[in-house]
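Work through the exercises below with the sequence and the model side by side, and try each task before reading its solution.

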Amino acid sequence: MSITQLDKEYVAGTYGRFPVELKNGKGALVYDTDGKEYIDLGTGIAVNAFGYADDEWISAVTKQLGALQHTSNLFYSEPCAKLAQLLCEKTGMKKVFFSNSGAEANECAIKTARRYSFLKYGEGRSTIVTLKNSFHGRTITTLAATGQDIFHTEFGPFTEGFVYAEANNTADVISLVKKHNCCAVMMEPVQGEGGVMKLDDTFVKEVYDFCNANDVLLIFDEVQTGNGRTGSLYAYQQFGITPDIVSTAKGLGGGLPIGATMLGKKVEDTLTPGSHGSTFGGNPVACAGAYSIISRIDEELLAGVRSKSEYIFKELGSAEGIKSVSGMGLMIGLETEKDAKEVVAACREKGVLVLTAKTKVRLLPPLNIPDELLSKAVDIIKECVK
Ligand SMILES: *Cc1c(COP(=O)(O)O)cnc(C)c1O
């Protein structure tokens, strides 16, 4: 049986896969089993931050693999402690809880917010405001947090305690917080799965001020926007605010599964021994890989992300067949005249891998994609959208 047939026979059918089997890659280039070359502007959905087979990352990961692959959280471990230190020093957050995925990072954020409020105010202050059109994950609780009705069928009963505000509508957020006696507001700075929609700066600032004044925690879901993707280490840094809790995953491990929930001053001691945990969380190999990624996301790399972003906005903003370009940094959505799925297929035929987000074409290139490859890929996209 071919791999396609084996997959269809034995792997749970949760994914609509492209008709391609990828085999190996280097940097922004990846090859399928027929040896066809692609420029990858998807990075496995914003995961392979420095592309495929990055030398420094491989060396960090393999060095750790040869020492200890896992210890359990009953022991101290250097990669975990050092990564937490690096994240806190670079962000000003105070403590980090490690897990293995974005959904789990959000679960921890939700548990932390509820516990903070419970310990301070008692029962009845546990509801969280999230935004319509958001995406927070696939577990029963993070599906409930996701503000899209389409995710709220078939798997009920869902976790209680989420209400949904209109994005960019401060009055709606405030009235929901008051009405439901909420403990937190949770949002993605750029709604990724929802169509690469950046939130308005004034909205974020107003919600931040309101939350601050009312001891309502502000949670930023930076699972997709984090780790350099938007042109700053975390996107919140460009909104001029500091959330109480920041969750991240995707690009953090450079391709290995890791989630992180960063806790600010207010909630740094909310989680105590036994209140939360994870068998694999803080895995030394994943942490060593993440350390190699985060330590290299410096001002120079971020300036590169911003200039590559400007180039894409400029080139595709004026391209025939593109109605609008949205997003931030190297997290970009294209509203195309043609159906997005058709554009994705046409690009793939011509050797460029791109994704969709709702009705848009989505670009999530490696943060360090060489300019020549980016311009080659942009030219191919231009041909495919006309
Ligand atoms: C991908 C994503 C998640 C879920 O992450 P998983 O690792 O698939 O659990 C949550 N929030 C946002 C904003 C995401 O983009």
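**Exercise 1: a sheet with mixed pairing**

Isoleucine 39 stands opposite valine 352 in strand 15. The model is a predicted one, in which local features need pLDDT of at least 70 and side-chain atom pairs count only at pLDDT 80 or more, while totals for chains, interfaces and linings use all residues. Residues are numbered from 1 along each chain as its sequence is written, and side-chain values use heavy atoms, with hydrogens and water left out.

Task: Starting from this pair, find in which sense strand 3 and strand 15 pair, and which strands stand at the edges of their sheet.

Solution: Begin with the two strands themselves, strands being DSSP runs of E with at least two residues and helices runs of H or I with at least four, both numbered from the N terminus. Strand 3 (residues 37-40) pairs with strand 15 in the parallel sense over two bridges, where pairing requires that DSSP finds at least two bridges between the strands. Next, place them in their open sheet, whose four strands follow the order 1-2-3-15 with mixed pairing. Strand 1 (22-26) and strand 15 (352-353) each have a single partner strand, so they stand at the edges with one side lacking a neighbour in the sheet. Finally, helix 12 (residues 371-385) packs on this sheet, touching strand 2 (29-32), strand 3 and strand 15, with contact meaning heavy atoms within 4.5 Å. The direction of helix 12 makes about 100° with that of strand 3; such angles run from 0 to 180 degrees between N-to-C directions, and axes are lines fitted to C-alpha atoms, for helices over the stretch in contact.

**Exercise 2: an antiparallel sheet**

Task: Find which residue stands opposite glycine 333, and which helix lies across strand 13, strand 14 and strand 17.

Solution: The open sheet to examine has four strands in the order 13-14-17-16, with antiparallel pairing. Strand 13 (322-328) and strand 16 (355-357) are its edges, each with a single partner strand, so one side of each is left without a neighbour in the sheet. Neighbouring strands here are turned by 35° against each other on average, direction ignored. Within the sheet, strand 14 (residues 331-336) and strand 17 (residues 360-363) pair in the antiparallel sense over three bridges, and glycine 333 stands opposite arginine 362 in strand 17. The helix lying across strand 13, strand 14 and strand 17 is helix 10 (residues 299-317), which runs at about 165° to strand 13.
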